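This briefing reviews selected surface and backbone features of the structure shown below. Please read it alongside the sequence and the coordinates.

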Amino acid sequence: AYAMLIPIVGGVGIACIKEGKGVDINYTAFAWASVANLAAAIKGKVGGSVTKALKGDKSKNMDSANVYAVMNIISFLFTVPMVVIAEMSTLQDEWDKACDEHGAQALIMNIVLSGFFFYVYNEFAFAFTASVGAVTSSVLNTAKRVIIIVVSSIVFVEPMERNTVIGSAI
């Protein structure tokens with residue numbers, strides 16, 4: 001399964017090569033995306049291990065859905081203080097701008113629905129990863145991303161460069 005990662009990384013590398021420009025990557029975005037991927041991989045691995053360990057003890061009632069919920073609560077408690085510290089100075093102004101543009105009710109509804117669907121999607125993904133393994137889940141998740149890129153290109157009539165097509169096909 002690990003060998004499947006080689007063509008994926010190669011395909012992404014080819015897709016990043018822009019004709020006449022060479023490799024055109026925003027290195028800051030690449031670094032943060034790598035950190036996010038590492039965190040997701042650790043969460044999947046630890047979560048899968050914890051789920052398997054706790055499934056054996058029926059008194060704890062900790063299936064993959066419950067492990068995911070507890071991990072999200074812990075993540076929320078650790079993340080909110082950092083977000084408040086980093087964003088507090090602009091939070092009220094940005095909230096007011098968004099409410100002026102979209103309305104408070106629509107904004108709150110979109111936030112709630114977005115959070116709900118994100119949680120449900122990731123709970124299913126977490127359960128899937130616990131069932132099939134982190135590498136298989138990662139390979140399939142990458143395929144999903146490629147499909148989204150190609151469909152988006154078709155729907156929004158956005159042309160793809162030759163290397164992007166080759167990289168996505170790989």
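A surface patch here is made of residues with over 30% relative accessible area and no salt bridge, with nonpolar side chains joined within 5 Å. The model is predicted. The points below concern two surface patches, a polar contact and a loop residue.

**Nonpolar patch**
- Val70, Ile73, Ile74, Phe76, Leu77, Phe78, Val80, Met82, Val84, Met88 and Leu91 make a nonpolar patch of about 1,100 Å² on the surface.
- One of these residues, Val80, belongs to helix α3.
- Because its relative accessible area is 34%, and partly exposed covers values between 20% and 50%, Val80 is classed as partly exposed.

**Negative patch**
- A patch of negative charge on the surface is formed where Asp93, Asp96, Asp100 and Glu101 gather.
- Among them, Asp100 is located in helix α3, which spans residues 64-102.
- Asp100 has a relative accessible area of 70% and is therefore exposed, the cut-off for that class being over 50%.

**Polar contact in helix α3**
- Glu94 is also placed in helix α3.
- The side chains of Glu94 and Lys97 make a polar contact at 3.4 Å.
- With a relative accessible area of 42%, Glu94 is partly exposed.

**Loop residue Val157**
- Val157 sits in the loop that runs between α5 (134-155) and α6 (162-169).
- The phi angle of Val157 is near 50°, which is a positive value in a residue other than glycine.
- Val157 counts as exposed because its relative accessibility is 69%.

Note on methods. Residues are numbered from 1 along each chain as its sequence is written. This is a predicted model: local features need pLDDT of at least 70, side-chain atom pairs count only at pLDDT 80 or more; totals for chains, interfaces and linings use all residues. Side-chain values use heavy atoms; hydrogens and water are left out. Patches are made of residues with over 30% relative accessible area and no salt bridge: like charges are joined within 9 Å, nonpolar side chains (Val, Leu, Ile, Met, Phe, Trp, Tyr) within 5 Å. Accessible areas come from the Shrake-Rupley method with a 1.4 Å probe; for residues, only the protein chains shown count as cover. A salt bridge is a side-chain nitrogen of Lys or Arg within 4 Å of a carboxyl oxygen of Asp or Glu. Lys and Arg count as positive and Asp and Glu as negative; His and the chain ends are not counted. The place of a charge is taken as NZ of Lys, CZ of Arg, CG of Asp or CD of Glu. Helices (H or I, at least four residues) and strands (E, at least two) are DSSP runs, numbered from the N terminus. Buried means under 20% relative accessible area, exposed over 50%, partly exposed in between (1.4 Å probe, protein chains only). A polar contact is a pair of N or O atoms within 3.5 Å; within protein, one must be able to donate a hydrogen and the other to accept it, and residues adjacent in sequence count only if both atoms are side-chain atoms.
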